[in-house]
Amino acid sequence: MRLSGEEGTPLDHSGPSNGPEMRQTGSGLVDPLIVRPQTYYGEGPFDPPSSDDEDDIIVRRGSQEDDAESLSLLPVNKSVPTSPGRAERGDVSPRRSATYEKSRSSVRLLAIILVTLVSLAALIGVLAGFAYSGKSYFTPGRRRITMDHIFNGTFWARQPDLNWVAEAGDGVFSLSEGGYIKLVDLKSNTTTNLVRNSDVQDEHGNPLWISNWKLSDDMKYLLVKADYRKQWRWSSFGNYYVHDIAQKTTHPIIPPSNPSKTAYATWAPTGNAIAFVTDNDLYILPSADPKATPIRVTTTGNASLFHGVPDWVYEEEIFSADYALWWSPDSKKVAFLALDETAVPEFTFPIYNPTEDANAVIPYTEEVVMKYPKPGYPNPLVSVHIFDLEKYLEIDAGSGIDAKYEILTLDWDQRHPITNSIISEVTWVGNSSLMLKEVNRNADDGNVVLFELEGDSLARARGTVVRKLGKNGEQGDSGWIDHDQSIYPVPVALSAFAGTNAYLDIVPTPDGYNHIALFNPANSKTPQFLTSGEWEVAGNIRGVDAKKGLVYFVAAKPSTERHLFSVPIPTSSSQKAVEPQPLTDVTKPSYYNAKFSPEAGFYVLGYLGPGTPWTKVVDANKTDFEFVLESNNDLNNATQEYEAANIVHSTIIIDGNELNVKELRPPRMDDSGRTKYPVLFRVYGGPVSQLVDQRFSRDWHEYLACGLQYITVTVDGRGTGFKGRKLRNPVKGNLGFWETRDQIEAAKAWAKKPYVDPKRIGIWGWSYGGFMSSKVVEADAKIHSLAMAVAPVTSWRLYDSIYTERYMNVPELNAGGYVNASISNVEGFKKVDYLLAHGSGDDNVHYANSAHLLDMFTREQVRGFRFRMFTDSDHSINRRGGQREVYEYLTGFLVEKWGKGARKRE
């Protein structure tokens with residue numbers, strides 16, 4: 001998935017597998033014949049601690065900046081939700097009730113008493129202040145936060161990125177300024193003009209709007225992308241041009257089209273050849289000369305057969321990128337995938353209004369038709385190929401022989417049947433050495449395959465399995481194989497590794513934590529770990545300094561933080577690993593990110609929290625070098641001026657598992673128990689995800705804390721990331737079961753806290769989080785009175801195959817698990833205030849999920865819920881003002897059902 005919260009061949013199919021195929025690895029799942037899962041995962045009914053009864057008088061605490069309705073007497077409402085209600089009408093504050101009118105005199109009396117008490121307390125406080133000699137602490141500002149502040153950029157952190165230009169040398173980055181593309185050299189502290197933007201023109205002499213560019217290795221040409229046209233999350237189309245920097249001339253690589261249709265183009269690592277994909281066929285332009293003729297490598301591309309670019313599901317779930325081709329380091333060969341979607345069923349959804357004008361009347365809808373594989377249905381058939389450009393140019397080009405005769409189709413022993421094969425990574429580790437990773441659909445059995453492609457023998461097309469993945473391989477447990485592209489070739493400049501094609505990879509240790517391992521040589525089967533311990537490397541390797549022999553990486557150490565470390569590469573198998581050296585301050589809770597220059601001499605260091613974020617460039621060889629890119633002074637001033645939630649990090653033990661917790665408390669919160677606060681749990685909870693961390697964030701949840709006096713709590717339950725495979729693996733085969741129990745048990749724990757109103761505990765989430773909040777309602781544990789779900793999965797049979805089967809296997813082999821992991825019992829929805837929202841143009845989690853849930857509501861006569869469709873919005877809900885509106889809608893619903901502010905018994 002990349003399920004997001006609030007932020008993409010009819011060739012050789014040989015090779016029976018010797019490993020297990022799509023086996024049911026879990027145990028203790030529900031019987032496939034069971035139609036509905038049990039509705040509660042605890043032991044017996046939950047009896048929350050007593051709080052204000054319906055007859056109690058509740059006083060809401062207000063302020064001078066609240067509206068006239070902010071001070072009112074509210075009875076606790078136990079009735080089922082009604083629709084339509086205030087949220088549909090756009091109100092975000094409750095109207096005065098009859099109770100208010102009848103109790104006006106009581107309020108006046110209470111107000112007089114309160115003023116007297118407050119005055120007395122203030123006098124005591126002044127006297128005590130003169131006698132106080134302790135240390136004073138700075139507190140945040142007191143200006144009130146509104147929804148406008150959340151959406152107008154007041155609390156947005158600028159986090160600039162650098163485009164390192166490897167072709168110009170290490171430590172050189174580009175800058176667009178004053179109508180020029182400039183190169184800044186950090187070593188010499190100089191800035192030079194590379195290209196004047198107005199010189200880059202189309203065939204009619206009009207300046208091109210440059211959406212993307214890349215410099216050739218010889219620094220003579222610029223490859224420019226214009227006429228950008230978005231497709232899916234990562235992919236887009238464009239017309240590509242080559243600009244001759246010295247001659248100031250520009251020409252298209254192929255005649256431009258309207259609409260643009262070239263899906264991808266990239267330079268070769270050396271020289272100035274270009275590989276590009278148009279109409280799903282792969283082409284190679286052997287040089288940047290305007291007279292050069294493209295070589296058509298493949299000829300069978302069509303709407304269902306892709307060469308060199310991913311289809312939707314590979315783009316979204318495997319590569320998170322818009323390409324599936326890879327040049328060899330010496331630019332003599334190109335590896336590419338072919339993806340045959342012919343057997344993949346089509347999914348169609350309507351576009352009601354293709355314009356940005358909400359008032360437009362469109363008599364006939366448009367349709368989006370896409371190949372979208374769902375669990376149990378055919379996946380795209382994948383094959384791996386090599387085009388030998390050098391051999392073609394030497395032997396075939398002049399004779400007119402078709403380029404297809406220089407294409408190798410790769411195969412290997414132990415390959416899974418093509419209908420059960422997913423290629424998750426392709427990486428060159430040498431000029432003629434290629435590594436690939438393959439997993440089965442259940443992601444519990446896989447291979448790491450090495451190909452040595454030197455020479456002319458056809459035998460070179462057959463690879464050797466050098467590593468086994470999965471239950472009987474490196475993972476060694478009943479979990480899944482991660483799909484990350486994490487292989488990092490050891491630089492050839494490291495002389496100790498000359499000729500070995502050694503590489504680094506992220507591999508789970510026997511204890512189940514992801515760490516860096518060396519494989520030397522490339523055909524080594526045994527990892528030599530550079531790091532170890534009960535913590536995990538986060539993401540991929542960030543850089544390798546060949547001169548120093550150092551590997552740079554970011555670690556979740558501890559799990560909610562991110563710190564930058566370095567560790568030396570061992571030059572012999574007998575060399576023991578050394579303790580990684582921190583390059584950031586590990587004595588303070590912090591969250592950093594880093595982007596290294598090509599040779600790792602410099603890096604962009606981003607501090608992301610918990611304080612005000614900043615970004616600077618660091619010279620890895622000079623401790624006194626500092627080039628500040630962004631200090632976010634405006635944001636820092638805003639954080640001093642406006643009130644802020646109090647953030648409390650903690651852990652909770654559930655079934656022996658230590659889970660990370662983040663609690664946002666209202667400013668100046670009274671935790672004595674005299675005041676009761678509503679608690680809204682925020683959940684995502686998808687496999688390997690993380691919401692509880694130390695990053696700076698002043699988003700909608702901050703407004704809930706400061707503007708509405710709500711507490712928000714986030715618990716990363718079982719299945720989430722950066723705490724080892726033992727915490728992640730339990731959800732395999734049974735999504736939504738253990739995660740739901742964790743959310744329920746956490747809610748029960750908070751209900752017992754003296755400052756919590758146990759009658760106002762709710763949960764909300766987006767995407768996988770919407771699935772989780774709905775599962776909590778289905779569980780009917782009688783602890784949550786409210787739930788909100790945006791763009792939720794409601795049945796895993798409706799989501800895509802690669803993501804779902806990685807965790808759930810195919811439905812045929814886990815029918816009961818699919819029932820248990822979906823929303824199949826809606827009785828609990830009759831007992832809570834439930835809000836559902838979904839974009840009708842969601843290409844990721846289809847609107848069909850919400851339609852399915854609504855059908856179940858109709859069948860079971862569930863009527864007291866709130867529903868909103870956001871016309872034509874995709875998974876992020878941002879079409880025609882949808883992003884702001886969805887949060888206003890959620891806010892209105894909360895205020896209608898719970899009221900605004902904490903409650904205090906008088």
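Q: Buried means under 20% relative accessible area, exposed means over 50%, and partly exposed covers the range in between. In which of these classes does Lys595 fall, at 33% relative accessibility?

A: The structure is a predicted model. Because 33% lies between the two cut-offs, Lys595 counts as partly exposed. Over the whole chain of 906 residues, 56% count as buried. The accessible surface comes to about 38,300 Å², and 51% of it belongs to carbon and sulfur atoms.

Q: What does Lys595 meet in a salt bridge, and which parts of the chain does the pair link?

A: A salt bridge requires a side-chain nitrogen of Lys or Arg within 4 Å of a carboxyl oxygen of Asp or Glu. The side chain of Lys595 meets that of Asp161, with an N to O distance of 3.2 Å. This pair joins distant parts of the chain: Lys595 is in strand β34, Asp161 is in the loop between α4 and β2, and 434 residues separate them. Asp161, at 54% relative accessibility, counts as exposed.

Q: How many salt bridges does a search of the whole structure find, and which residues are linked in a network?

A: The search finds 51 salt bridges. A network of them links Asp655, Arg718, Arg741, Asp742, Glu745 and Lys748.

Q: Where do Glu888 and Arg884 lie, and how many residues apart are they?

A: The general idea concerns helix geometry. An α-helix has 3.6 residues a turn, so residues three or four places apart point the same way. Here, Glu888 and Arg884 both lie in helix α15, four residues apart, or about one turn of the helix. Their side chains meet in a salt bridge at 2.9 Å, N to O. Glu888 is partly exposed at 23%, and Arg884 is partly exposed at 28%.

Q: Which residue meets Glu885 in a salt bridge?

A: The partner is Arg868, at 3.1 Å from N to O. Glu885 belongs to helix α15 and Arg868 to strand β45, 17 residues apart. Both count as partly exposed, Glu885 at 30% and Arg868 at 26%.

Q: How many residues does the largest nonpolar core have, and which have the most contacts inside it?

A: A nonpolar core joins buried nonpolar residues through side-chain atoms within 4.5 Å. The largest one has 129 residues, and those with the most contacts inside it are Tyr314, Leu337, Phe681, Trp796 and Tyr834. Helix α11 (residues 768-779) gives the most to this core, namely six residues. Another core lies apart from it and has 33 residues, including Tyr703, Tyr710, Val886 and Leu890.

Q: Why is helix α12 described as largely enclosed by the rest of the structure?

A: The reasoning rests on burial: eight of the eight residues of α12 (residues 801-808) are buried, so the helix is largely enclosed by the rest of the structure. Charged residue types are included, for Glu805 and Arg806 are among the buried residues. The buried residues of α12 pack against α5, β21, α11 and α13. At the N-terminal end, Asp800 caps the helix, with a side-chain oxygen 3.1 Å from the backbone nitrogen of Ile802. Asn809 follows α12 and has a positive phi, near 60°.

Q: Is Val567 buried or exposed, and with which residues is it in contact beyond its neighbours within four places in sequence?

A: Val567, in strand β32, is buried, with a relative accessible area of 1%. Beyond those neighbours, its contacts are Leu530, Thr531, Gly549, Leu550, Val551, Phe553, Val578 and Pro580. Val578 is eleven residues from Val567 in sequence, and their C-alpha atoms are 7.1 Å apart.

Technical notes. Residues are numbered from 1 along each chain as its sequence is written. This is a predicted model: local features need pLDDT of at least 70, side-chain atom pairs count only at pLDDT 80 or more; totals for chains, interfaces and linings use all residues. Side-chain values use heavy atoms; hydrogens and water are left out. Buried means under 20% relative accessible area, exposed over 50%, partly exposed in between (1.4 Å probe, protein chains only). Accessible areas come from the Shrake-Rupley method with a 1.4 Å probe; for residues, only the protein chains shown count as cover. Helices (H or I, at least four residues) and strands (E, at least two) are DSSP runs, numbered from the N terminus. Contact means heavy atoms within 4.5 Å. A polar contact is a pair of N or O atoms within 3.5 Å; within protein, one must be able to donate a hydrogen and the other to accept it, and residues adjacent in sequence count only if both atoms are side-chain atoms.
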